Amino acid sequence: MDRTRKCAITGKELPLSDLVSVDSIRPQILRLIKKTYPDWSGEKGFISSEIINTFRDEYVKKMLIEEDGELRNIDLAVMESIKNQELL
């Protein structure tokens, strides 16, 4: 059984463990991806976890800024912790 697929954004062949199904990505994140990659159809397929995590970070930053008007040091620390999968 083939355990790899192509990333819909980069076209790179990656192990399934490094990919996320487009069907499981939140609509808000998909909108950000489509904004950056307007030629991407947004239909079924897989996107690399690395790309998804980049857009998740962007989305969280955007939400924090909209909520408070700015990113505070604690917000940045939390985001860095999430990015590095650490506990605070």
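**Exercise 1. The overall layout**

Which pattern does the protein follow, read along the sequence? Work out the make-up of the fold as well.

*Solution.* A word on the model before we start: it is a predicted one, in which local features need pLDDT of at least 70, side-chain atom pairs count only at pLDDT 80 or more, and totals for chains, interfaces and linings use all residues. Residues are numbered from 1 along each chain as its sequence is written, and side-chain values use heavy atoms, with hydrogens and water left out.

Step 1. Take the elements as DSSP runs, numbered from the N terminus: helices are H or I with at least four residues, and strands are E with at least two.

Step 2. List them in order, and the pattern reads β-β-β-α-β-α-α. That comes to 3 helices and 4 strands.

Step 3. Now look at burial (buried means under 20% relative accessible area, exposed over 50%, partly exposed in between, with a 1.4 Å probe and protein chains only). Of the 88 residues, 26% count as buried.

Step 4. Turn to contacts, meaning heavy atoms within 4.5 Å. Among those between residues at least 6 apart in sequence, 45% join residues at least 24 apart.

**Exercise 2. The two sides of helix 1**

Find which residues of helix 1 are buried, and which are exposed.

*Solution.* Step 1. Helix 1 covers residues 27-36, and its buried residues are Ile29, Leu30, Leu32 and Ile33.

Step 2. These residues cover an arc of only 160° around the axis, so they sit on the same side of helix 1. The arc is that of the directions from the helix axis to the C-beta atoms.

Step 3. Recall a general rule: an α-helix has 3.6 residues a turn, so residues three or four places apart point the same way.

Step 4. Go round to the other side of helix 1, where Arg31 and Lys35 are exposed.

**Exercise 3. An aromatic pair**

Which residues form an aromatic pair, and what is its geometry?

*Solution.* Step 1. Set the rule: rings of Phe, Tyr and Trp (its six-membered ring) pair if their centres lie within 6.5 Å; planes under 30 degrees apart count as stacked, over 60 as edge-to-face and the rest as tilted.

Step 2. By this rule the count is 1 aromatic pair. Tyr37 and Phe55 form it, edge-to-face, at 6.4 Å centre to centre with 65° between the planes.

Step 3. Place the partners: Tyr37 is in the loop between helix 1 and strand 4 and Phe55 is in helix 2, so the pair ties together parts 18 residues apart in sequence.

Step 4. Compare their surroundings. Tyr37 is partly exposed at 32% relative accessibility, whereas Phe55 is buried at 6%.

**Exercise 4. From Ser48 to Glu50**

Follow Ser48, Ser49 and Glu50, and decide for each whether it is buried, partly exposed or exposed.

*Solution.* Step 1. Ser48 belongs to strand 4 (residues 46-48) and is buried, with a relative accessible area of 7%. Leaving aside neighbours within four places in sequence, Ser48 is in contact with Cys7, Leu14, Asp18 and Leu19.

Step 2. Ser49 lies in helix 2 and is partly exposed at 23%. With the neighbours within four places again left aside, Ser49 touches Ser17, Asp18, Leu19 and Val20.

Step 3. Glu50 is also found in helix 2, but Glu50 is exposed, at 66% relative accessibility. Its C-alpha atom is 9.5 Å from that of Val20, 30 residues apart along the chain.

**Exercise 5. Two pockets**

What is the volume of the largest pocket, and which residues line the second largest pocket?

*Solution.* Step 1. Define a pocket: on a 1 Å grid over the protein atoms alone, it is an open set of points where a 1.4 Å probe fits, with protein on both sides within 12 Å along at least five of seven lines; lining residues have an atom within 4 Å of a point. A volume is the space filled by probe spheres set on the points, which are joined across faces, edges and corners.

Step 2. The largest pocket has a volume of about 270 Å³. Of its 12 lining residues, the closest to the centre are Asn53, Arg56, Asp57, Ile82 and Lys83.

Step 3. Helix 2 (49-68) and helix 3 (73-83) are the elements that give two or more residues to this lining, and helix 2 gives the most, with 7.

Step 4. The second largest pocket, of about 180 Å³, is lined by Thr10, Lys12, Leu14, Asp18, Ser48, Ser49, Glu50, Ile51, Thr54 and Phe55. Helix 2 gives the most here too, with 5 residues.
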